[in-house]
Amino acid sequence: MSEKLLQIKNLYVNADKKEILKGINLTINKGEIHVIMGPNGSGKTTTANAILNNPAYSKKKGSIIFDSQDITNLSTDEIARKGVFMSFQMPEEIPGISVTNFLKYAKNKITSKPVKAAEFKIDLMKYMRELKMNPKNMARSLNVGFSGGEKKKNEILQMLVLNPKLAILDETDSGLDVDAIKTVSKGIEMFKNDQNAVLIITHNTKILHSLKVDYVHILVDGKIVDTSTSELAKTIEEEGYSKYKKEVDTSEED
Amino acid sequence: MKKTKIEDINRNIYDIKNKDEYEFKIKKGLSKDIVEEISAKKNEPSWMRDFRLKALDVYNSLKLPTWGPDLSCLNMDEIATYVKPKTKLSNSWDDVDEDIKNTFDKLGIPEAEKKSLAGVGAQYDSEVVYHSMKEELKKQGVIYTDMETAVNEYPELVKKYFMKCVPVYDHKFVALHGAVWSGGSFVYVPKNVKVDIPLQSYFRLNSKEAGQFEHTLIIVEEGASLHFIEGCSAPKYNKVNLHAGCVELYVKDNAYLRYSTIENWSKNMLNLNTKKAIVGKNAKMEWVSGSFGSKISMLYPMSILDGEGAQTEYTGISFASTGQNLDNGFKVVHNAKNTSSLVNAKSISKNGGKCTYRSLVRINENAKNSKSSVSCESLMLDDISISDTIPTNDIRTDDAQFSHEAKIGKISDKTIFYLMSRGMTEEDAKAMIVRGFAYEVSKELPVEYAVEMNNLINLELEGAIG
């Protein structure tokens with residue numbers, strides 16, 4: 001039997017006092033790629049933020065188990081150090097801190113070990129080549145003046161450098177052109193092995209064409225309403241979410 | 001709820017307090033007798049004594065500024081304006097009184113002199129106790145000496161330039177300075193001489209309820225260049241100390257001067273300093289300023305771009321904590337064609353500290369085709385700290401480019417979350433943001449002050465459960 005990496009159990013989460021997640025259950029095993037899809041406002045980003053315990057969201061009920069440990073109430077940095085990574089939909093800009101220095105510092109914090117400069121540089125150059133990133137960007141302030149695509153690639157670069165056990169990619173594909181999406185997929189493939197896992201959050205299906213996805217979950221109004229293989233994504237591509245929305249709408253009207 | 005406390009700069013080094021020993025300390029207060037006594041103690045020529053007395057009259061005729069920080073805590077009757085240290089001026093550290101030498105040792109001055117400086121001046125209370133410069137500069141005709149020596153040995157130069165750039169009428173504390181000035185450095189760089197390694201003067205005020213009024217006069221002749229560094233600090237006392245120095249810089253045609261300052265006065269200091277530069281044709285004046293200490297600071301270095309194509313840059317950072325009101329900024333007057341000014345000012349306030357950026361940009365009618373670009377950014381680390389921007393822009397010609405950008409911000413929770421998701425604690429995250437914010441300025445500071453700046457940017461952080 002495959003080894004459980006992440007288990008979300010009956011999770012209820014509020015944002016600004018509004019109930020967003022209404023009893024989420026999700027299990028991700030090592031070696032798997034999962035996708036959460038859903039219309040805008042369904043709670044996709046909230047799910048990602050809740051896993052990393054963003055203080056802007058409050059958990060009302062339920063628990064999150066990661067690598068056999070309860071991380072429900074740990075602080076964000078503790079969760080990150082246990083091996084959870086999130087690629088942000090809108091990465092923050094940090095003026096005055098170069099990409100290289102940022103990565104070194106973060107790597108040091110995540111591993112609690114000194115970073116070996118020479119090795120680090122070799123890895124970095126390798127990843128950047130694969131991600132078709134401009135080496136000049138390494139000396140620039142983190143994300144400052146980066147295009148949308150550059151920011152997203154930079155998130156993937158961070159994922160590769162920090163090498164987490166679970167990578168959550170929140171809308172990493174949104175706003176990217178076909179070539180950039182391919183590059184991001186390539187980054188995910190480089191990262192992926194049978195000891196880690198990826199959770200992709202998206203509202204379109206382009207990125208799924210070039211990745212071998214194990215499960216697709218449909219999130220509507222704070223609940224997972226369907227789970228299936230990647231075939232499900234194709235159905236969504238053709239039919240949208242109307243089928244699920246109706247179910248929800250009807251129940252609300254009743 | 002987790003609270004983050006960001007510590008002040010570690011002041012252990014600066015707070016070394018030597019016994020308040022001196023050869024002579026003038027009685028507190030300000031009067032004609034006191035001014036005459038200072039002049040007599042200095043054995044100076046009568047023209048300087050007369051100058052002092054005239055300045056005293058001007059001081060008495062001027063009012064305190066009606067704007068800016070409240071200066072009511074200053075009582076001149078409680079300030080001794082002249083404290084002569086118990087050591088003679090020397091060009092060898094071995095001859096300097098041991099306590100005084102130890103202080104400068106701890107501040108790292110003699111070591112910096114060996115490593116990275118072409119000359120050093122060190123002032124303790126009211127007099128310069130050490131002054132030295134490399135032989136090769138002397139051979140090129142460079143003069144770097146204390147102001148008193150300059151008055152006696154180069155009277156023609158001093159008469160020509162002393163308080164001509166900053167006249168005593170400028171404001172009350174300049175007039176005060178004119179009456180009781182003591183110490184400071186005099187630098188003369190002859191035509192076309194490039195001084196590649198910086199000169200540095202360090203000003204240390206040890207005595208309590210005292211004032212320091214050093215005068216720095218620098219003349220960089222045509223085509224010459226210089227980097228001058230000024231440092232200052234004092235131990236903390238419960239009573240108010242006063243610093244009203246004056247810096248006059250003459251940057252002649254095609255000359256270059258960079259003037260760097262690290263001000264780290266104690267939090268009982270009123271820093272009412274005046275600095276001004278007159279910049280000639282195609283010359284360049286650069287100001288780099290780090291202001292971390294003082295109870296109150298009112299400091300607005302000024303460049304007067306008098307020659308065609310003259311340029312100036314100001315890069316400055318202020319850091320105010322509890323009980324500090326740092327009212328700093330920059331003034332520039334464009335007074336010729338094709339002149340340009342570039343300002344990059346930053347401030348950080350925390351624990352109730354107040355930072356104000358106060359500035360003047362004036363582009364005169366004759367300054368056609370001139371450019372001025374001002375950027376000021378403030379970072380407040382909590383809800384009780386204050387930050388303000390008070391720019392005055394006086395543009396008298398349509399044929400000029402001017403831009404002013406001001407940003408006042410707090411550290412956003414989103415940014416902290418982003419950094420924490422990369423394994424950093426909240427304290428690490430805040431320190432990284434502050435370090436990044438300060439970087440643009442800190443990278444301009446002299447290398448030998450890196451340690452000092454690191455005290456600021458490697459903020460000592462401590463988590464507390466509250």
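## A sheet in chain A and a helix pair in chain B

Let's start with one rung of the ladder: A:Ile36 has A:His217, in strand 11 of chain A, as its bridge partner. This is a predicted model, in which local features need pLDDT of at least 70, side-chain atom pairs count only at pLDDT 80 or more, and totals for chains, interfaces and linings use all residues. Residues are numbered from 1 along each chain as its sequence is written, chains are lettered from A and ligands numbered from 1 in the order in which they are written, and side-chain values use heavy atoms, leaving out hydrogens and water.

Strand 3 (33-37) and strand 11 (215-220) of chain A pair in the parallel sense over four bridges; pairing requires at least two DSSP bridges between two strands. Helices (H or I, at least four residues) and strands (E, at least two) are DSSP runs, numbered from the N terminus.

In chain A, an open sheet of six strands with mixed pairing has the order 6-9-10-3-11-12. Its edge strands are strand 6 (84-87) and strand 12 (223-228), each pairing on one side only.

Two helices of chain A meet these strands, where contact means heavy atoms within 4.5 Å. Angles run from 0 to 180 degrees between N-to-C directions, and axes are lines fitted to C-alpha atoms, for helices over the stretch in contact.

| Helix of chain A | Strand of chain A | Angle |
|---|---|---|
| Helix 1 (44-51) | strand 10 (197-202) | about 145 degrees |
| Helix 8 (231-239) | strand 11 | about 45 degrees |

In chain B, helix 2 (46-61) and helix 8 (172-180) pack at about 155 degrees, their axes 7 Å apart. They are therefore roughly antiparallel to each other (angles over 145 degrees count as such, under 35 as roughly parallel, 65 to 115 as roughly perpendicular and the rest as oblique).
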